[in-house]
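Student: I have a structure to read and many words to get straight. Can we go through them one by one?

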Amino acid sequence: MIATLASALIDGLALSMLYFMIASGFSLIFGLEGIVNFAHGSLFMLGAFVSYEVVSYTGSFYLGLAAAGLSMAIIGALIESGLLRKKFGNEMAIIMITLGVMYVIHHGALIRYGAASSTYRKIPSYLQGTLKPGQLILNNYQLFIIVLGLIIAGAVFLFLNRTNVGLIVRAGIDDVDMARALGANTRRTFTLVFAIGSALAGLGGAASVGWIYASVDLGLSYLFFAFAIVVIGGLGSFKGTFYGSLLAGITHELFAYFIPFLAGPSLFILMAAILLFKPEGLAGGAKQ
Amino acid sequence: MGAILDLTDVHVKIEQAYVLQGVSFSVPEGELVALLGRNGAGKTTTLESILGLCPPFEGEVEFKGESLIGIPPFKIAQKGIGYSPDSARIFSELTVTENLKMGLLHHDGPKNFKAAYELFPFLEEHKENLGKSLSGGEQKLLALARAMVDETLDLLLIDEPTEGLSPENTQKVYTALEEVKDRASILLVADDLELAKEFAEEYVILSSGADQESGDIDELIRNPDIAEKYLSTGVRNGETK
């Protein structure tokens with residue numbers, strides 16, 4: 001029983017980190033720019049396929065991760081500066097543009113890869129197999145995802161709390177007009193945050209391929225996951241998104257191990273419960 | 001001395017509301033001009049039009065002889081204009097120190113909050129606390145300190161700094177204005193005529209989105225009918241009721 005519980009927790013932590021990688025960017029973009037980026041899940045999916053292609057071509061797992069993160073950062077910056085910037089303030093236009101980008105990426109991937117899922121096993125040998133401390137069986141790749149997620153969370157936390165740009169991001173989440181009135185170049189910050197958020201989604205997608213699979217359906221599924229987690233954590237709150245991801249991932253895996261038929265809807269049950277009892281989210285939400 | 005700020009026939013609409021309908025006045029360099037008027041006269045919008053937050057659709061705003069029209073707010077601020085809004089608008093999820101740092105974004109060199117801490121010692125005591133943990137009055141003082149912390153600014157736009165403050169905190173605002181008046185020009189939206197009389201050299205009265213009266217502050221003190229007509233303060237013989 002304890003070994004099963006421990007396995008569920010490790011699986012849950014790994015899933016939490018994938019959730020975190022997509023939801024943190026979604027939350028930062030929403031918090032700072034007030035944009036619900038419907039294309040965010042598609043960037044997660046596209047990151048998975050970029051990684052799949054690069055690993056298939058070069059055989060380098062880490063090059064696949066880096067390429068996914070970097071390419072999604074560039075695509076995110078282009079979406080923000082090329083398509084969205086001139087429409088800030090026009091919420092309907094922003095929704096239509098991000099839905100359009102989602103549609104284009106989704107159907108482009110469908111044409112290229114079809115509906116079937118793809119996966120690869122070209123991950124470094126030390127990330128394959130399992131560790132067996134005592135009665136526990138720990139999947140090396142899941143441990144890798146946990147470490148990667150924690151490193152990314154730490155890096156983003158330091159960026160937000162120890163740099164001037166991070167200070168502007170947090171101030172902008174509170175009151176973007178006041179930040180502007182004090183001399184903050186929020187245009188540049190918007191683009192940077194969009195790029196970082198998209199890179200995190202791409203990295204999450206790339207990291208998922210070695211564990212789950214790359215599939216066109218990933219985009220829409222993970223968009224819903226990201227949305228639910230941001231609501232659970234508190235809109236615009238980075239810490240809240242981290243806690244929300246942990247809660248969502250661990251809850252999902254505990255259900256998957258012990259009450260499997262509830263695993264699928266567990267995230268949305270959790271979201272409904274949070275909305276009922278703590279509508280501002282776990283961390284209170286920087287932007288109510 | 002020449003004007004550091006010039007507004008000429010400024011018109012601003014916010015959504016469908018025609019808020020400013022031809023505002024014109026100047027702030028002479030090194031002086032404090034009090035912007036007066038009843039609620040809804042357009043005082044806050046005037047400040048926001050200068051900062052580019054509510055850009056004018058007609059008219060001219062010049063700072064040190066350079067037009068600010070069409071320039072984004074962050075660049076206007078970087079030209080040397082500080083802003084303390086009436087509703088404080090501190091960053092509630094940032095610490096007190098981080099709020100002050102936001103006032104020094106475009107200030108080269110080390111960030112020094114000593115002057116702000118000397119004026120408002122409670123800020124140093126709470127420097128690691130989140131802005132939202134401060135009381136309403138303390139938040140208002142933090143907003144004023146944030147606008148004043150950059151000693152290189154040439155112009156401060158200060159909106160109703162004593163509104164809703166206790167007598168003790170109002171006195172702190174007076175002390176702060178006394179200090180900052182020596183180093184920057186100030187456009188002060190004054191909710192309290194006493195404040196204007198204490199610090200201003202000149203006044204401008206807005207009514208229905210346009211400037212109606214302006215001149216030397218002594219003129220306003222000598223002629224209570226002006227205040228009676230536009231401010232409804234009941235000023236008689238230099239006293240307010």
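Student: Why is Ser185(B) called buried?

Tutor: Keep in mind that this is a predicted model. Ser185(B) has a relative accessible area of 2%. Buried means under 20%, so Ser185(B) is buried. This residue lies in strand β8 of chain B, residues 185–189.

Student: What makes the link between Ser185(B) and Gly30(B) a polar contact?

Tutor: The side chain of Ser185(B) reaches the backbone nitrogen of Gly30(B) at 2.7 Å. The cut-off for such a pair is 3.5 Å, so the distance fits. Ser185(B) also touches residues more than four places away in sequence, including Ile4(B), Val27(B), Asp154(B) and Leu156(B).

Student: Is Thr45(B) buried or exposed, and how do you know?

Tutor: The relative accessible area of Thr45(B) is 10%. The limit for buried is under 20%, so Thr45(B) counts as buried. Its place is in helix α1 of chain B, residues 43–51.

Student: Which residues does Thr45(B) contact beyond its neighbours in sequence?

Tutor: Leaving aside residues within four places, Thr45(B) is in contact with Val12(B), Ile14(B), Val19(B), Leu20(B) and Cys54(B). Take Val19(B): it is 26 residues from Thr45(B) along the chain, and the two C-alpha atoms are separated by 7.4 Å.

Student: What makes Glu98(B) and Arg170(A) a salt bridge?

Tutor: Their side chains meet at 2.7 Å, N to O. A salt bridge needs such atoms within 4 Å, so this pair qualifies. The pair crosses between chains, from helix α3 of chain B to helix α6 of chain A.

Student: Are Glu98(B) and Arg170(A) buried or exposed?

Tutor: Glu98(B) has a relative accessible area of 13%. Arg170(A) has 15% relative accessibility. Both values are under 20%, so both residues are buried.

Student: How do you know that Glu48(B) and Arg89(B) form a salt bridge?

Tutor: Their closest N and O atoms are 3.7 Å apart. The limit is 4 Å, so the pair counts. Glu48(B) is in helix α1 of chain B, while Arg89(B) is in the loop between β6 and α3, 41 residues apart.

Student: Why is Arg89(B) called partly exposed, and Glu48(B) buried?

Tutor: Arg89(B) has a relative accessible area of 22%. Partly exposed lies between 20% and 50%, so the label fits Arg89(B). Glu48(B) is at 15%, under the 20% limit, and therefore counts as buried.

Student: What ties Glu66(B) to Lys79(B)?

Tutor: A salt bridge, at 2.8 Å, N to O. Glu66(B) lies in strand β5 and Lys79(B) in the loop between α2 and β6 of chain B, so the pair ties together parts 13 residues apart in sequence. Glu66(B), at 39%, counts as partly exposed. Lys79(B), at 26%, is partly exposed too.

Student: Which residues are joined into one network by salt bridges that share partners?

Tutor: Asp175(A), Glu48(B) and Arg89(B). Over all chains, a search finds 15 salt bridges.

Student: How many residues are in the largest nonpolar core?

Tutor: It has 76. Among those with the most contacts inside it are Met21(A) and Phe144(A). The largest share, 14 residues, comes from α1(A). A second, separate core has 49 residues, including Ala116(B) and Ile186(B).

Conventions
Residues numbered from 1 in each chain as written. Chains lettered and ligands numbered in written order. Predicted model: local features only at pLDDT ≥ 70, side-chain atom pairs only at ≥ 80, totals over all residues. Heavy atoms only, no water. Helix = DSSP H or I, 4+ residues; strand = E, 2+ residues; numbered from the N terminus. Buried < 20%, exposed > 50% of the residue type's maximum accessible area, 1.4 Å probe, protein only. Contact = heavy atoms within 4.5 Å. Polar contact = N/O pair within 3.5 Å; in protein donor to acceptor, adjacent residues only side chain to side chain. Core = buried A, V, L, I, M, F, W, Y, C linked by side-chain atoms within 4.5 Å.
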